[in-house]
Number of protein chains: 2
Amino acid sequence: MQTIKAATYPIHFQQKGYQELEKLLSEKKYSTLFILVDENTKEHCYPRFLAKLNTLLSIKIIEIESGEIHKNLKTCVSVWNSITDFGGDRKSLLITLGGGVITDLGGFVASCFKRGIDFINIPTTLLSMVDASVGGKTGVDLGVLKNQIGLFANPQMVIIDDVYLDTLAARELTSGMAEIIKHGLIYDTKLFNQVKEFKKQYINNLIYRSIEIKNEVVLQDPKEKSLRKILNYGHTLGHAIESFYLESDEKENLTHGEAISIGMICESYISNKLLNFSTNKVTEIKETILSIFPKITLQESDFLAILDLLKHDKKNLSGNVNFVLLYDFEDYKIDCKVSQELIIESLIYYNS
Amino acid sequence: MQTIKAATYPIHFQQKGYQELEKLLSEKKYSTLFILVDENTKEHCYPRFLAKLNTLLSIKIIEIESGEIHKNLKTCVSVWNSITDFGGDRKSLLITLGGGVITDLGGFVASCFKRGIDFINIPTTLLSMVDASVGGKTGVDLGVLKNQIGLFANPQMVIIDDVYLDTLAARELTSGMAEIIKHGLIYDTKLFNQVKEFKKQYINNLIYRSIEIKNEVVLQDPKEKSLRKILNYGHTLGHAIESFYLESDEKENLTHGEAISIGMICESYISNKLLNFSTNKVTEIKETILSIFPKITLQESDFLAILDLLKHDKKNLSGNVNFVLLYDFEDYKIDCKVSQELIIESLIYYNS
């Protein structure tokens, strides 16, 4: 598969990635190679990666605990301390090997260590392949607020290799489908239709097209002044729902994809009410998503807490909540204001 | 005094600064204005600043504890939480009002909050005026390692107003003289001579010339690949000494200027041994510095601990300690390797 040229770096696919990595390692004369993993990617992905890596550089593994709950500054400090203890300097390279938590946190850690060292992302989950591989967003959560602390910073390269997908639990694999569906809805109906007829052997095509779309959008608007906001479709409400479940002690956490898929159903409903988005298409979205994702039942008693979390979304200015809504497939409106009543109505629609 | 044009922003002096600030506030349509202070600048500088500020914007003061010991991620988290609690969004502006701890930490905090909000620096100490106002270095310490975590990030503007110097204790005022001496030694002998004949009413000239010099250097080499390293004259050893005193429970902390002034004396001695820098000039530097700074007596039993801290300096690659040394005034050599024995000899020379 052809390399995709992102803003300042290439996204390489399969075997070519490792060849290009080897080339970069010899050109850049790094002093030490740090690999950031969690307990899962250390066990399942790192051996596969190491088998393909050909270098004489000193390699140090840094392991953090998996899960969104560890995507915080405390974990950053432990990684910074590890790099320091291993003698990391400005010519060190950090390779992130994992899902979105590892790539987001790792990019942030690298960008702030001694005012910035190089990093390379090797996303190992479907979600991080189609989402975190483009866009330069790095960061960690502050309390329950997702990605409240972070930076725009680009890696030296990204390597996408579907061999790592074999290591994923089914629920994690499914999680990534939400972003692919989103890219389809806002930008490419053909992609959305392919998701509906999804067969596993075609996963690489879905990944490739999804990355292409996100890259096209981000290149036009890297700092999210306008167009890039369409990538937040399903995320305004989805993030709040995800935070709510993360914050709750009693409820099991949702995957990012599960939360976003609820957000997309609700926001298609809101689109129908505010922008006359077709009722049939709302149904089509709901049915497609519920054929892939499990149905969660949202408690009505939780709605107000979810609304409260909405207000802290990074994209909201001066307390206004901004939604991306659909006129039609591939036709959107950004910065839409939505009343609390209609948001609640949409949550009830999801439950119905 | 004429505005100095730094990389991406202006450095305004005296009254003009407040006029330009007012202009910026009305152009940029910020949502909230956060002012970062410590207990000292809140009491002594903030009223003076407020008297000159003309805005209808909502102003929120965020106070942190003064001192290098609080220049850490824990303090950042408290500031990020405060901004969050006050409803800060991407259109918020952070104004730092204080010394190097406030400007360095504030710039870092702003650059990482929701992936970056605007900030303006108003340095209130002599040191931060001549040092932190140019160069885009932001950051905090990691344990005893100074500025280990940080970024290159530029403010929207810097305002220099000597009215804030009246609020400083004598020791803090003196601290800033070390950087002015350094700029003189590496770049402008005339400035060094002016320091020797220093009269307080000329302080603005010393500040202005010092900023000009640093700006000229940084513009040529923003990311410290070569020329900018000359700004580390006196700092390689000075930082280690500063860290050592900070780390020690028994010893009183040194000011940055006190530590750097020791570093400059030692490194002039090393320059004499390795680059034939004139013995008379070594004496001239020592006498000038000791006419301004108090003589500290370094314990020989502490030398090894200081050498150990040297190894963690950000500028050191693969465990090598790199010094900037002098052939002559205004004539330097970067990336010099120095033996441990000679470093110890130079510390003994300082003590003598």
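Select A:I270 in this predicted model and display its contacts: leaving aside residues up to four places away in sequence, A:I270 touches A:F323, A:L325, A:V338, A:L342 and A:S346. Widen the selection to residues 256–275 of chain A, and you have helix α11, the element in which A:I270 lies. With 24 other C-beta atoms within 10 Å, A:I270 counts as buried, because the cut-off for that class is 20 or more.

Next, add A:G88 to the selection and draw the C-alpha to C-alpha distance from A:I270, which comes to 50 Å for a pair that is 182 residues apart in sequence.

Now show the whole of chain A, in which there are 14 helices and 11 strands. Its radius of gyration is 20 Å, close to the 20 Å that the globule rule gives for 352 residues, so chain A is as compact as a globular protein of that length. Along the principal axes, the C-alpha atoms of chain A fill a box of roughly 60 × 40 × 35 Å. Colouring by burial would mark 49% of the 352 residues as buried, and of the contacts in chain A with a separation of 6 or more, 74% join residues 24 or more positions apart.

Finally, bring chain B into view and select the contact between the chains, to which chain A and chain B each give 29 residues. On the side of chain A that touches chain B, the elements that give two or more residues are α4 (73–85), α5 (100–112), β7 (137–142) and β8 (145–152). Of these, β8(A) supplies the largest share, six residues. Coloured by class, this side of chain A shows 11 nonpolar, 11 polar and seven charged residues.

Definitions and conventions: Residues are numbered from 1 along each chain as its sequence is written. Chains are lettered from A and ligands numbered from 1 in the order in which they are written. This is a predicted model: local features need pLDDT of at least 70, side-chain atom pairs count only at pLDDT 80 or more; totals for chains, interfaces and linings use all residues. Helices (H or I, at least four residues) and strands (E, at least two) are DSSP runs, numbered from the N terminus. A residue is buried if 20 or more other C-beta atoms lie within 10 Å of its own, exposed if 12 or fewer, and partly exposed in between; C-beta atoms are placed from the backbone. Two residues are in contact if their C-beta atoms, placed from the backbone, lie within 7 Å. Ala, Val, Leu, Ile, Met, Phe, Trp, Tyr, Cys and Pro count as nonpolar, Asp, Glu, Lys and Arg as charged, and the others, Gly among them, as polar. The radius of gyration is taken over C-alpha atoms; the globule rule is 2.2 Å times the number of residues to the power 0.38.
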